[in-house]
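Dear colleague,

Please find below the structure that I am handing over to you. My findings follow directly after it.

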Amino acid sequence: QVQLVESGGGLVQPGGSLRLSCAASGITFSLYVMGWYRQAPGKQRELVASITSTGSTNYADSVKGRFTISRDNAETTVTLQMISLKPEDTAVYSCNARRSRGPQLLGDYWGQGTQVTVSS
């Protein structure tokens, strides 16, 4: 049974920091691209950041320079460090594990999501 369990969300003031963690189980973690997505009320879900098994990263333009994604293949965890948070970062953040072979999707799993609220 695949499980992705997020933690670390909460309420923070503008300019503050939060660290989100996602613990994965039930998959061969090192084979998966791990990502953080977010969805704000009334908006589509968007990719925030992703990291390959070898550590290559990709960020949404809106978070570049403020968010950092990292992974620990031994601990099967992925972390999103967020600094200089803005009210527009408010959303439900979800962890994703995805594995593909060419055009074939071999696995696509989601966590339950954690709320991040940036407000004074």
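The notes below proceed from the overall fold to the aromatic pairs.

Please bear in mind throughout that this is a predicted model.

Overall architecture

The protein chain contains eleven strands and zero helices. Read from the N terminus, its elements therefore run β-β-β-β-β-β-β-β-β-β-β, since helices and strands are taken as DSSP runs. Along the principal axes, the C-alpha atoms occupy a box of roughly 45 × 25 × 25 Å. The radius of gyration is 14 Å, which agrees with the value near 14 Å that a compact globule of 120 residues would have.

Of the 120 residues in the protein chain, 38% are buried. If one considers the contacts between residues at least 6 apart in sequence, 54% of them join residues at least 24 apart.

Surface and charge

The accessible surface of the protein chain amounts to about 6400 Å², and carbon and sulfur atoms account for 46% of it. As to charge, there are 11 positive and 8 negative side chains. The centres of these two sets lie 4 Å apart.

Aromatic pairs

Two aromatic pairs are present in the structure. One of them is formed by Tyr32 and Tyr109, with 6.2 Å from centre to centre and 45° between the planes, a tilted arrangement. This pair links distant parts of the chain: Tyr32 sits in the loop between strand E3 (18–25) and strand E4 (33–39), whereas Tyr109 belongs to strand E10 (residues 104–110), 77 residues apart. Tyr32 has a relative accessible area of 6% and is therefore buried. Tyr109, at 29%, is partly exposed.

Tyr37 and Trp110 also pair: their ring centres are 4.9 Å apart and their planes stand at 65°, so the pair is edge-to-face. Because Tyr37 lies in strand E4 and Trp110 in strand E10, this pair ties together parts that are 73 residues apart in sequence. The relative accessible area of Tyr37 is 14%, so this residue is buried. Trp110 has a relative accessible area of 29% and is thus partly exposed.

When you inspect the model, the two pairs can be followed from strand E10, where Tyr109 and Trp110 are found. Their partners are Tyr32, in the loop between strands E3 and E4, and Tyr37, in strand E4.

With kind regards

Notes: Residues numbered from 1 in each chain as written. Predicted model: local features only at pLDDT ≥ 70, side-chain atom pairs only at ≥ 80, totals over all residues. Heavy atoms only, no water. Helix = DSSP H or I, 4+ residues; strand = E, 2+ residues; numbered from the N terminus. Rg over C-alpha atoms; globule rule 2.2 N^0.38 Å. Buried < 20%, exposed > 50% of the residue type's maximum accessible area, 1.4 Å probe, protein only. Contact = heavy atoms within 4.5 Å. Areas by Shrake-Rupley, 256 points an atom, 1.4 Å probe, with all protein chains shown as cover. Lys, Arg positive; Asp, Glu negative; His and termini not counted. Charge placed at Lys NZ, Arg CZ, Asp CG, Glu CD. Phe/Tyr/Trp six-rings, centres within 6.5 Å; stacked < 30°, edge-to-face > 60°.
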